[in-house]
Each structure stands twice: as C-alpha cells, then as structure tokens.
Amino acid sequence: MLTLIRSAHLLAPEDLGVQDVLIAAGSIIAIGTDLNLSGSIDISVIDGRGQYLTPGLVDTLTHITGGGGEGGFHTRTPAMEFTDAIVGGVTTVTGVLGTDAISRTLPDLLAKAAGLEAEGLSVVCHTGSYQVPVRTLTGSVQQDIMLIERFVGVGEVAIADHRGSQPSWQELARIGAEARVGGLLSGKAGIVSIHVGDSSERLSLLFDVANQSNIPLSQYYPTHMNRSPELLQDGLRFIKAGGSIDFTASHTPEILDAGEIKCAQALKYALDRGADENRLTFSTDGHASLPHFNKEGILQSLKVGAMDAMLNEFRDAVQEEGIDYSIALKAVTANPARVLKLNRKGRISQGNDADLLLLDKDSLALRRVMAKGDWCLIDGEHVKKGIFDR
Ligand code: ZN
C-alpha cells in the first residue's frame, strides 16, 4: 500500500512550503507539488491541508526500561510502552540506563529495545550507565559499540552529581577515546552521553579533557544543560568549543522552583547569545525518575519523565518564545539525528524513513503520527499499539 499525503506544509525541518509526500514500504519515496499517480496501484490519500508535516521526533535520552529508584526499590520507575512515545510524537528513542546499573542491566535494555523496535519504533541504545568504570556487555566500550549493532555510544555517564562515580578527567578521556575509536571503526556516532548533575564543578572535567588530551569536545554530549543559569553559561562555552548540548524537556514544578530553566526558554536564551542553532537539542529524559532533593541531600519527591515533553517544549518554543518554526524543530529532529549519526532520521527527504507528524497549523496540536510508514495515532486514537498498551 502506498500513502500519499497531499498539500501539507512541509517543515523538513526547513520550510519547504506546501507539497505532497509519497510513502512506500516505510520510506519517503517522492516529494513534490501535485504528485500524480496513474494505473491500478492501491493508494491511501491523506488530506494534509491546514497542517504542518514534520519529521518524527528523535529522542537522545530515554530510560526505556525505567530508571531511578533513589527513594528505595518502590520508587524504581516503570518501563515505557510503545504509545508513551507515540503520544509525544517521538518515533526514534535512545535507550539508556541511569543511576542503577545493578538491578537494571544491559541485556534487559537491549531486549526492551528489540521489543519496541518490533512494535514499530526505531530504537538505538548506549552501553554503560552513570557508573565509571563503565559497565559493558562484552568487556569494553569499544567492543560494545563495534560488535553490538544497537549500541551507538556510551552513557549517560554522570559528572558533577552525588549519584555518579566521581570520575577524573583522565577516566573521561579514556571513555571518550574508546567510544571514538569504536564509532570510527563501525561508522557510528560513538558519542559519550554525559549526565550533568547540580554540583558547582559543572563541565570543568570536560574542559580539562579538551585541554589536556587529544579527544575533541564534540565526542561528548552533555545533557540536563538547562538545570541552572550557570550550567547554561558553561553550555554556551561548550558549543563555542565545538560541541553540542542537550536540554531536558521533562520538568516538575519542584525542579523549576529549584532553578531549572524551561527547555524552550533555554533555547531562546542560547540563540539570543549567538549559539549555533545546529548544536542545540531537546530530549525527553523519558521514564527517568525526577527526584527533588533538599539542601541536605534528602529526597523530597519523585516523579517520572514524560515522553510528550519534547513536543510540548517545541510548541512553547514557537508559541511562547517566538522562535522560528524551523529552528525550534531542528532541536527535536535534525540536530539529535546528526548527534546520533542516524542518517535516515530527523529530516523529510527522499529515501529517509517515513517517520512523520501532522500538526494542526494554528494550534500545533498533534493530529497524526506515522512511524516507519505505519500510522500509529490518528486524531487522538491509537490505531497501532504495543502488545501491553492499554
Ligand atoms: Zn541524566
């Protein structure tokens, strides 16, 4: 079956105006004005008028098996299901472990990833967790990235956080070197995802790596960079030095009260200060625990990262912060796809995977989601579900 989306306004993420898009066997096979098909081919035609057609969102940080547990075993967060991603327009996820790499394991992560992929999402993973030395599957970061198809990098390795292993810059340089060579030899990103906590050392370890080793800063990809104004300042330095940074889209009122900057506002702040629009991304931190600790380090509350957060922050970036549609959309599509080196993702282009969203032009409400050529959500109804989705 072919699908033809007629007369939608394409944000690819660049603004391509009103065009038709033809989809077959999970891929975008043609883009043009007034595409005409003749003959006896079975074709489903969708009217895209009054809607934006965008790439499906690419999430670089998702705790697909659940995360956390900082308040004891009863606070381990639940695993995500297929529709959790779809309601937020997310069609590509990056599965990671977090604080807990004892009761959560890499085999479990890979099995969950394979399950979500079978259900219709696109899923890559990182080896490792918060911990250093890095816990791997085959004995080394380089081997994991080279030999296990789904691993594209390592992380999220924690720095500046009381829950991390307090690594030295030399240990981070070694991890970066292993990931870099593993990535080079396998044609993958080999990125080191860095969880940055709220300690005052911020990104100093990464700047030490850049100053004292041969590993470029672009090998590291720090997240939670909207955690505080001071960390955001470090992030702007990091971009100037050649790296990309990530903002966490899922917030709680407690976390915002503690000084975190809303994702959309952080994007506006960075752009206003001349940051390269291609080096800024949002991620959901989906299914993470979002713990709130008081000054004494005692857990006060705990919530779960929501996977619709990235789409909401894109909407706020446009509607509340006045950021250009294409620039805001890049942060959730083309930019994260480039960081992960996923060449068929994050862009509406002939030959790319048919991961697509239709958004109402006025409200930016999500109307339809297509993942790998299949409609998953149509006007609020889940027309495709995972096996345990209700
Ligand atoms: Zn994190």
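**Figure 1. Surface of the chain in the predicted model.** The accessible surface comes to about 15400 Å². Carbon and sulfur atoms contribute 48% of that surface. The chain carries 35 positive and 48 negative side chains. The centres of these two sets lie 3 Å apart.

**Figure 2. Overall fold and dimensions of the chain.** The chain holds 11 helices and 19 strands. Its C-alpha trace spans about 65 × 45 × 45 Å along the principal axes. A compact globule of 390 residues would have a radius of gyration near 21 Å. The chain has 20 Å, so the two agree.

**Figure 3. Interior and contacts of the chain.** Buried residues make up 58% of the 390 residues. Contacts often join parts far apart in sequence: among those with a separation of 6 or more, 71% are between residues 24 or more positions apart.

**Figure 4. The zinc ion and its protein donors.** Three residues supply the donors: E156 through OE, H195 through ND1 and H224 through NE2. They lie 2.0 to 2.1 Å from the zinc ion. Their spacing in sequence is E-x38-H-x28-H.

**Figure 5. The two histidines at the zinc ion, H195 and H224.** This pair links distant parts of the chain, 29 residues apart. H195 sits in strand β10, residues 191-196. H224 sits in the loop between β11 (220-223) and α6 (229-240). H195 has a relative accessible area of 2%, so it counts as buried, the cut-off being under 20%. H224 is also buried, at 6% relative accessibility.

Definitions and conventions. Residues numbered from 1 in each chain as written. Predicted model: local features only at pLDDT ≥ 70, side-chain atom pairs only at ≥ 80, totals over all residues. Heavy atoms only, no water. Donors = N, O, S within 2.8 Å, 3.2 Å for Na, K, Ca; no water. Helix = DSSP H or I, 4+ residues; strand = E, 2+ residues; numbered from the N terminus. Buried < 20%, exposed > 50% of the residue type's maximum accessible area, 1.4 Å probe, protein only. Rg over C-alpha atoms; globule rule 2.2 N^0.38 Å. Contact = heavy atoms within 4.5 Å. Areas by Shrake-Rupley, 256 points an atom, 1.4 Å probe, with all protein chains shown as cover. Lys, Arg positive; Asp, Glu negative; His and termini not counted. Charge placed at Lys NZ, Arg CZ, Asp CG, Glu CD.
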